[in-house]
Structure formats: structure tokens, C-alpha cells
Amino acid sequence: MIDTEDIVNMSLKKGADEVVVSYVESDTKQIKFSNNKIDIEMNYLTKNIYLFLTKGKKVLFTEIQKENDLSSKLDKLLKILDRMPVNDDYNGINPKKQTYAEHQYDGNLENIGDLSYFAKLAIDGAMERGVTRVSGIIYHTTTDILLSTNYNTAADRNISMNYSVRAFNEFGYPGQMAFHTSDHRDLSTRGPDSIAQDAADFAMLVGEAKSGNSGNFDVLFHPLCFGSLVSYSIYMANAFIADTGMSIFADKLGQKVGSEKMTLFDDPTYTGGAGFRLFDDEASRTRKTTVIEKGILKNYLHNHSTARKYNTETTGNAGLVVPKAFQPVMENGERSYADILSDMKKGLFIVNTWYTRFQDVRNGDFSTIPRDGIFYIENGEIVEGWNGIRISDNMLRIFSNIEEVSSETEKVAWWDEVIPSILPYVLVKDVKITKSY
Amino acid sequence: MDIEKYLSNLEKESRYGEIRIMKTKINSLTYKNGILVGIETSDVEGIAIRVLNNNFSFVTTNSIHESDIKRAVERAIRISKMKEKRNVLLSHEKSIKDDYRVDEKKKIEDFQLEEKISLLSDIDKKLMENNLQMRILNIKDKIQEIEFANTEGTMIHGIIPNIYYFYYVGALENGNFEQVSREYGMTGGYEFVNEMNIMDRTVDESKKLLKILKAKKIPEGKMDVIVGPEVSGIVAHESSGHPMEADRVSGREGAQAGESFVKFDSLGKRVGSDVVNVIDDPTIEKSFGYMKYDFEGVKTRKKYLYKNGIINEFLLNREYAGMLGLESNGSARSSSWNLEPIIRMSNTYIEPGNYSLEEMIKDVKYGILMNSFTEWNIDDIRYNEKYVGREAYLIENGEIKDPVRRPVIETTTTKFYSSVDAVSKDLEFFAGTCGKGDPMQGVDVWMGGPYVRLRDMYIR
């Protein structure tokens, strides 16, 4: 085990003003399957020391592997700092003494056995629902982190699982579902078999998808689909990005950015999710931060340095240079999604989306490509599955047109698109749908 | 690390085994609105072991302790003997022994920190002088040392340096906003700065935003379109390169990046007009996607993905080449020491033709010239795609007229390539970081092409 406090002290003695040292040891197991067969099983074993040094408002970040030549490495790094210009935007790491909540990782998730067992559960679970092909990924990650700064030392162990399954029906059309957890009880209620069954049920419901229509539609977003919009948007609520001016939330603190139905937090303290964090990258205690409250932009996500620039307190979202969201949570509503859907006269229910890209990151014009279950609804009933459509709209307009959110929430996390989130189904009126010519 | 010692274990215990040791040195500087945010520097190495018995296993460790490496090798062997069998036939390939290094004219280690700082600072000042208020600039040098050995006698040692530069600039006027982000990259050393002329390119391209802010939309409808190299490059990458990755075609990427509209029996079928040729070529010297050998130790080569408008050749690694009874064409890559080699592009481009841009414009009665793009996306079978123009102009009666604001091409792959009637002599490349895999692997690529004319497209 590395003594991070020793490295902090050594760095200070050599002339650094502030130091953050984190030692991260992780063991990630992964299994990948497609066409109903396991493709590969993987295991990543890593031990990393991350070092953040500042001197006279100059900032340097590095990763170290060989702790035995640390002293000479530090001398070199401090010489680099001497040659850098001052970063006037930099305001230090959090100097306040922190106390941390009690956190006990879920020991029952520690030795869950062979991932191929879960892969088989997922494949069989989906196939039983009538699909012809199943693909997916299952991760099991154990991370130990020991973090020291000039002012604080913190340690924690997290164990989590992420899994996503995509199932294809006889016509080749897919359904998908993706989940995250750090609570072993989820394995019996929302395990890979249950997630796979959801994916398969969506695929079967799509049937032989018809080419969709363009126009303006009310859209009921599945939490997985809305998670993609939230993930891209909440990134722009970090103070570093908002401060560049290239963000839908730039210069909008205190202003309306969504409908009254929209209340969005970042909540790394939510236990049971893979985004749980006891402390951030500068050892600040994490907390639940309101980003949007009833449609009003309340806070950016801050580390200590960005918070000082904005004359506020850190939100416990360091990233040492760029703050980050850990686990978005959206406040739920009162009615079930089934009730919301049954009241839709004409609209779409969309399960997933990908490739969200902005043509105007400041004003919010963007498009994204729905996939894995696009359903046309008339008079509260699913009429048919669609494909080949695109949402081409404005993110702030979509947030402002939220009419209702469901009483249920789901844990969703998928690939590089959706960070671990806990979200409801979201009904948005008048969403612009386009298609290819 | 003694690679041969660990290899001998694999030889005894596997149908096929490989060990890859990668050392990566990176220095990266980022400017944000006139301030050097910080420097990121790293020097990391790790070992990846891939074993095939009943199935593939892949185990990685960055521990330098012998016991940890031994444990990783043993674990890889154990996992590969899993109960669930899969019939994997690797293609037969020549074993190779080589030791090579890509030259740097201006060595990375000789290019001083002060020179990097003054480069970014000068670019930033020029942008600011031109009233471009929002600016992020990044320059990164990387030296990658790869040692690869497999149980079939291949042993390759290579050192590949490269330089990457990225800028992201926004212009705001009365609430109206335009943005540009571009990437440049080259294998080699800091000769990159002059050869790529990044200072002038950044300033010239960013200044255009101020004109684009004043441009107006044109009425939607059918018209001819000429797309520039930045657009033809992204089209080549997204709707030729990705759908021709054999692992996508097979469904291996199904739950993430998706599958493909191309099937294994699509070879020989028409996808575009006969002037369409799309190439992936890792052998281009100095290119950002340069590879002498791929990450399975196979010698790389140029591939025609689409030839004369016909689906011609898949991107293959040894597994899919073996499945199809072919030889690998050297398309396996891994972005990091700890990630599995998967099928990837390198430098993907539309092959130049015989026209000059002037000739192509002259023959357009009503249409647009779309030099560059901002938003783009494509569906997960690589068929429905969208490109929103950034710098674009109206063409009337063979002449370039006023700038046009954000024209939209939203079309299909076959419609795009089938509408091509002329391809210019030019060829320009842009760098990019191509994403695929789970965990996500971003690999260095070039995307490029000539000016390409499309007839009778619907533009919004």
C-alpha cells in the first residue's frame, strides 16, 4: 500500500504549495457477449498514483507508476511548474477540514462468482421472451482509493456492477436496457436476466419497425433515453465549461432553463448506484447539489477553485481542474409512466438514443438518434414500432416543454452515453422529429 | 520486463497467446480563454495478455512487480479455459521480427515547454484580437513504445511519436452563436507546428465564424451540393469506415456502437456511383493513423472499402479474417496498454478524382458549397446520417454567392454516395479521435477527402 500522506509531505518539503495524491487500486472484471455467445472475458488490474501539484497559482497533473524514483520525479515536476505562467483562474484546493459520512460497501457484491453465469442468465432471459439474438456487457468493479491533500485524508472502497443488454427480434430490430448498482439486492430484482428481459420485450414490441414520420410529436422518454440528454447537459453545468461561455447554462444562473416539472440534482451520496462517491478528487465531502430546481438553474457544479471564482462554496464535484457530475438524479412525479402513456393522444415513446451532438452549444440546438425501441402512440396505446428518425430540436426548449415526470425512477447507465443516473420517465410536448431524404 | 519469459508460459498453455507491453509518455497543455489551465504529464506502462483456448481472455496489469505479472498471465490462461466454448479460427499470418522507430525531425524532447506555451499563447492572442471571446486550445505530444510478441514467433518493437492539436472556439453576437472545433495530428515530432501551419489555420478558420453569424438560411428544397474535404472526410469515416468493420458486421459491437447496414454477403453490391472510391490506409507516412503493424502483429496495408461504388473489402483482424477464410488486413488496434485490440480505422478518405473545384462549381445552376460541418451524427447501422454545414455558400449559375447559415444534409449512406457525380483532385486530411469499444477506446485517425459534388440533394 502506498502512503499518500508521505508523498504529500515530500512534495511540500520540495517546494509545492498544494498537493493532492490519490492512490487508486482497481480490479475490474468484464464479460462481453454477442450473437448469444461469450466473445471474451477480461480482467483489468491497475494500481495508479495520481499527483496534482501547484506552486504559485500554477497547476500540474501527473500519473506515477514507479514509486521508487519519486523524489527525482518530484524535482523534475516542480522545475516544470517554475517555468509555467500563472493561472489567474486557479484558487486552490479545499483547505477546510472534512468529515465524511460512514460508508460501508456492499460486501455481498464482493464475491459474486463467475461473470459468465450472469452472461448466460442474460442471454437465456432475453431468448425466453422470443428474440433471436442477444448482445451485451457485464462489468464488476472493485475500487480502493486513498486520497491525501495538504488538508485532508480520505479512503473508501466501492464495489459496483454495470450491465447492458441489447436484444434483436426476428426482423433484426433491437431493444435495449442498461443498469448500474452497488447494492447486491438489485441482482435478484434487476439482475442481468431482468434487464435482458426488458431489452427483449422492447424488441418484441417493435416487431417489424416502420419507417417513422417527421413532424412535431409529444415524446415520452424512457429514463435511459432521457439519461443521454441529462448526461450531455449536466456536463455543461460544470463551472469550468460554463465559464468558457460554450455551454447552454452559461450566464444563466437564476434563470429559467426548464419547466416547473424539472428538478435535477447531482447526488453522489445516493447509495446503491455505481456513481456513489464519499469524497471528490480534492477530498471534499460529497453532497446532493441542486442543479435545476423547478426549471430554474440554481447551481453550477464546483470544485473549490471554481467556487472561489464564483464567490460560492464547493459543491464537492472536483475534478481537480474540471468539476464533474457523479450521479444525476431527477425528482420524480406523482403518476406512473403507464398512466402518463395512456393519456397521450398522439406521440412517441422512445427507449434509447445515441450520438447526441450540438450545432450550437450556447443556445442548445442539437440532434440525437433514437434507437432500441421507438413506439408510435395513439389514444394511449402503442400502435407500432418505428425506425429511421432523429430528434432535431433545442435542449433548453425540450427542458422547458417537460409536461410531466413519472412516479417511478430507474437506475440507468450505458456505455459512453449515460453516466450512472437515477431518472424518471419524462413527457415532453412538441418535440421536433426529422428523417432522412 | 522479460517478455520472452512470460511468453513461454503461454506457449505451453494456450492455442494462441500474445503479450503486449506499452509505454506511453504524454505531455499536454490546455489554454482556456487566455489562461494556461495546467499541464498534464504522464509516463505510464502496462502489460496486456490475450489468450485463446476455449475462448478469448484478456488480462492487464500495470504493476511492475513480477508476482503481479505472473498472476495476470496465470489468470489469463485460466479464464481462457472457461466452460463456454466458442469456435474461433484465427487467420494464418506470417511471423514477423522487427524493431523500428518513426523519425521526429524536431524531437519532442527538444521542443521546450516555453515554445509550447508561446505557441498556444500567440494563437490565443490572435483569436482574442479578432473578437473571438470563447477559446479552448490544447497541444499534446505522445511517444508510444510498443513491444508485441505472440506464441507464433512474432516479435515487434516499435516507437511511434505523434503530436496532436485541438482548438474549440465560439463567437457570440447579440445572442447569436457559432462554434468551431478542429483537430490536427501527425506522426513524428514538433515539425508538425510548421508543416501543419496550425497558427494560421486556427485563426483563419475561427475568423470565419464572424461572417457565418451574419449568414441567412436558404429555403429548403432540392439542389446540388459540393462538400469540402472536412465533410467528405467525416462521411468517409462514418458511412464507409465504420460499416465496413467486420466485428460490427458480425454483431460483436451490437450492445454499444451498434451493427452495420453492410452484411458479409454485401461484397460486390453497389453502394454508390462509380466515381466513389473510399480507402483506409494506415501506411501513409506522417499520418495520424499511421501503423506499420497492427496490434496483432500483422503488417498493415491500404484497403479499398468501396471501389467504383461497389462494397469491396472489410476491415479485418485475425478472428474475422479467419472466420471468412481470408488473411487479416492489419486493422486491429488498441488505444491503451490496458484495452483489447479491436477492429479500427486508420486514415480513411475518399479517393481524389480529376475535377478542379472551379469546374465543379461552374456546372451547378443552384446549390450550395459546404466547406465544413458543425453538428453531425449517424445511426448505429451507419445508414441515416446528418451533416450541418458551418462554412457554406450559395451557388447560383456557376458562381459562389453569399454565405448560407447551417444548411442541413440529412440523408442515407446509399443516397449520399449514389448522388456523387464528380470528385476533385484535391486531398486534405483532418485528425480525429475515433471512439468505439467498451470500455471506450479513442484512437488517432485521419479523415479526409477531396471536394465531392452531389446532384439533387434535399437541403434544409
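The following exercises, each with a worked solution, concern a predicted model of two chains, A and B.

Residues are numbered from 1 along each chain as its sequence is written, and chains are lettered from A and ligands numbered from 1 in the order in which they are written. Because the model is predicted, local features need pLDDT of at least 70 and side-chain atom pairs count only at pLDDT 80 or more, whereas totals for chains, interfaces and linings use all residues.

**Exercise 1. Confidence**

State what scores the model has and what the mean pLDDT of chain B is.

*Solution.* The model scores ipTM 0.96 and pTM 0.97. For chain B the mean pLDDT (the predictor's confidence in each residue, from 0 to 100) is 97. In chain B, 100% of the residues reach 70 or more.

**Exercise 2. Domains within each chain**

Determine how chain A and chain B are divided, and which elements give residues to the contacts between domains.

*Solution.* Begin with chain A. Its domain 1 covers 4–204 and its domain 2 covers 209–437; such bounds come from an automatic or database domain assignment. The C-alpha centres of these two domains of chain A lie 22 Å apart. Their contact (C-beta atoms, placed from the backbone, within 7 Å) takes 37 residues from domain 1 of chain A and 32 residues from domain 2 of chain A. On the domain 1 side, the elements giving two or more residues are E3, E4, E5 and strand E6 (174–181) of chain A. Helices (H or I, at least four residues) and strands (E, at least two) are DSSP runs, numbered from the N terminus. The largest share of that side, eight residues, comes from E6(A).

Proceed to chain B. Here domain 1 spans 3–212 and domain 2 spans 221–459, and the C-alpha centres of the two lie 22 Å apart. The contact takes 36 residues from domain 1 of chain B and 30 residues from domain 2 of chain B. Elements that give two or more residues to the domain 1 side include E1, strand E2 (35–52) and strand E7 (176–187) of chain B. E7(B) gives the most to that side, with eight residues.

**Exercise 3. The contact between the chains**

Find how many residues each chain gives to the contact, and which element of chain A has the largest share.

*Solution.* Chain A gives 59 residues and chain B gives 64 residues. Among the elements that give two or more residues to the chain A side are strand E2 (37–54), strand E13 (346–360) and E14 of chain A. The largest share, 11 residues, comes from E2(A).

**Exercise 4. Nonpolar cores**

Identify which residues have the most contacts inside the largest nonpolar core.

*Solution.* A nonpolar core is a set of buried Ala, Val, Leu, Ile, Met, Phe, Trp, Tyr and Cys residues joined through C-beta atoms within 7 Å. A residue is buried if 20 or more other C-beta atoms lie within 10 Å of its own, exposed if 12 or fewer, and partly exposed in between, with C-beta atoms placed from the backbone. The largest core has 231 residues, and those with the most contacts inside it are Ala126(A), Val165(A), Ala167(A), Ala199(A), Val225(B) and Ile368(B). Strand E18 (residues 418–435) of chain A gives the most to this core, with 10 residues. Apart from it lies another core of 30 residues, including Ile40(A) and Met291(B).

Leaving aside neighbours within four places in sequence, the contacts of Ala126(A) include Val131(A), Val165(A), Ala167(A) and Ala199(A).

**Exercise 5. The two sides of a helix**

Establish which residues of H3(B) are buried and which are exposed.

*Solution.* Helix H3 (residues 113–129) of chain B has 17 residues and reaches 24 Å from its first C-alpha to its last. This is close to the 24 Å expected at 1.5 Å a residue, the expected span being 1.5 Å times one less than the number of residues. Its buried residues are Lys116(B), Leu119(B), Leu120(B), Ile123(B), Asp124(B) and Leu127(B). They cover an arc of only 120° around the axis, and therefore lie on the same side of H3(B); the arc is that of the directions from the helix axis to the C-beta atoms. On the other side of H3(B), Glu114(B), Ser118(B), Asp122(B), Lys125(B) and Glu129(B) are exposed. The cover over the buried residues includes strand E5 (134–150) and helix H5 (198–212) of chain B. After H3(B) comes Asn131(B), with a positive phi near 65°.

**Exercise 6. Backbone geometry**

Locate Pro439(B), Ala283(A) and Asp372(A), and describe the backbone there.

*Solution.* Pro439(B) is in the loop between strand E22 (428–436) and strand E23 (441–449) of chain B. A cis peptide bond, with omega about 10°, joins Asp438(B) to Pro439(B).

Ala283(A), in the loop between strand E9 (264–266) and strand E10 (289–293) of chain A, has a positive phi of about 75° although it is not a glycine. Ala283(A) counts as buried because it has 25 C-beta neighbours inside 10 Å.

Asp372(A) lies in strand E14 (residues 365–378) of chain A, and its phi is positive, near 65°. Asp372(A) counts as buried, with 29 C-beta neighbours inside 10 Å.

Terms used:
Two residues are in contact if their C-beta atoms, placed from the backbone, lie within 7 Å.
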